[in-house]
Amino acid sequence: MYDRNNIFAKILRGEIPCKKIYESEHALAFEDIHPKAPVHVLVVPKGEYVSLQDFSLHAPTAAVKGFFDAVAAVAKMLGVDKTGYRAIANHGADASQEVPHFHVHIIGGRKLGKLLPE
Ligand code: 5GP
């Protein structure tokens with residue numbers, strides 16, 4: 001099910017570079033290669049989970065807590081905890097999930113408008 005050759009698995013193994021923002025026991029955060037806003041960071045758990053659905057159902061409680069602590073820490077580091085940000089997790093085909101390793105996009109640094117295009 002989990003593809004160990006996905007791009008974020010390679011980043012986690014240090015096989016390809018990333019612009020690292022933050023790292024903890026449970027998560028790594030790095031800049032998105034195609035940023036959609038002045039702040040666009042991806043937070044990924046270190047464990048092998050395909051998507052939010054997989055992570056929510058199968059990750060140990062400590063890993064889930066550690067992951068969301070990392071999301072909050074990154075938002076604080078980047079100052080968007082004060083100005084506002086959007087956290088997006090795409091799961092599966094209808095959400096156009098591109099990389100099959102669970103990740104949360106932290107997007108901010110400008111007014112983001114409505115949740116989805118009309
Ligand atoms: P998804 O659609 O899976 O939620 O989003 C995947 C994100 O990963 C996209 O925003 C894309 O720009 C980003 N991405 C894809 N390949 C790479 C890469 O090699 N490095 C980095 N930093 N981001 C990537």
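What is the volume of the largest pocket? In this predicted model, the largest pocket has a volume of about 900 Å³, and the ligand sits in it. The lining of this pocket is made up of 31 residues, and those nearest its centre are Asp32, Lys36, His40, Leu42 and His105. By class, the lining comprises 17 nonpolar, 7 polar and 7 charged residues. At least two lining residues are supplied by each of α1, β2, β3 (39-45), β4 (85-88) and β5 (104-108), with α1 giving the most, namely 3 residues.

Around the ligand itself there are 16 residues, of which Glu31, Asp32, Glu98, His103 and His105 come nearest. This shell is composed of 7 nonpolar, 6 polar and 3 charged residues. The elements that contribute two or more residues to the shell are α1 (7-12) and β2 (27-31), and the largest share, 3 residues, is that of α1.

Polar atoms of the ligand are paired with both backbone and side-chain atoms of the protein. An N or O atom in the side chain of Asp32 lies 2.5 Å from an oxygen atom of the ligand, while a polar backbone atom of Glu31 is found 2.9 Å from a ligand nitrogen atom. A further contact involves Val99, where a backbone N or O atom is 3.0 Å from an oxygen atom of the ligand. Of the 530 Å² that the ligand exposes when taken alone, 88% is buried by the protein.

Methods. Residues numbered from 1 in each chain as written. Predicted model: local features only at pLDDT ≥ 70, side-chain atom pairs only at ≥ 80, totals over all residues. Heavy atoms only, no water. Near = heavy atom within 4 Å. Polar contact = N/O pair within 3.5 Å; in protein donor to acceptor, adjacent residues only side chain to side chain. Areas by Shrake-Rupley, 256 points an atom, 1.4 Å probe, with all protein chains shown as cover. 1 Å grid on protein atoms, 1.4 Å probe; cavity = no way out; pocket = protein on both sides within 12 Å on 5 of 7 lines; lining within 4 Å. Sits in = over half its atoms within 2 Å of the grid points. Helix = DSSP H or I, 4+ residues; strand = E, 2+ residues; numbered from the N terminus. Nonpolar A, V, L, I, M, F, W, Y, C, P; charged D, E, K, R; others polar. Points joined across faces, edges and corners; volume = space filled by probe spheres on them.
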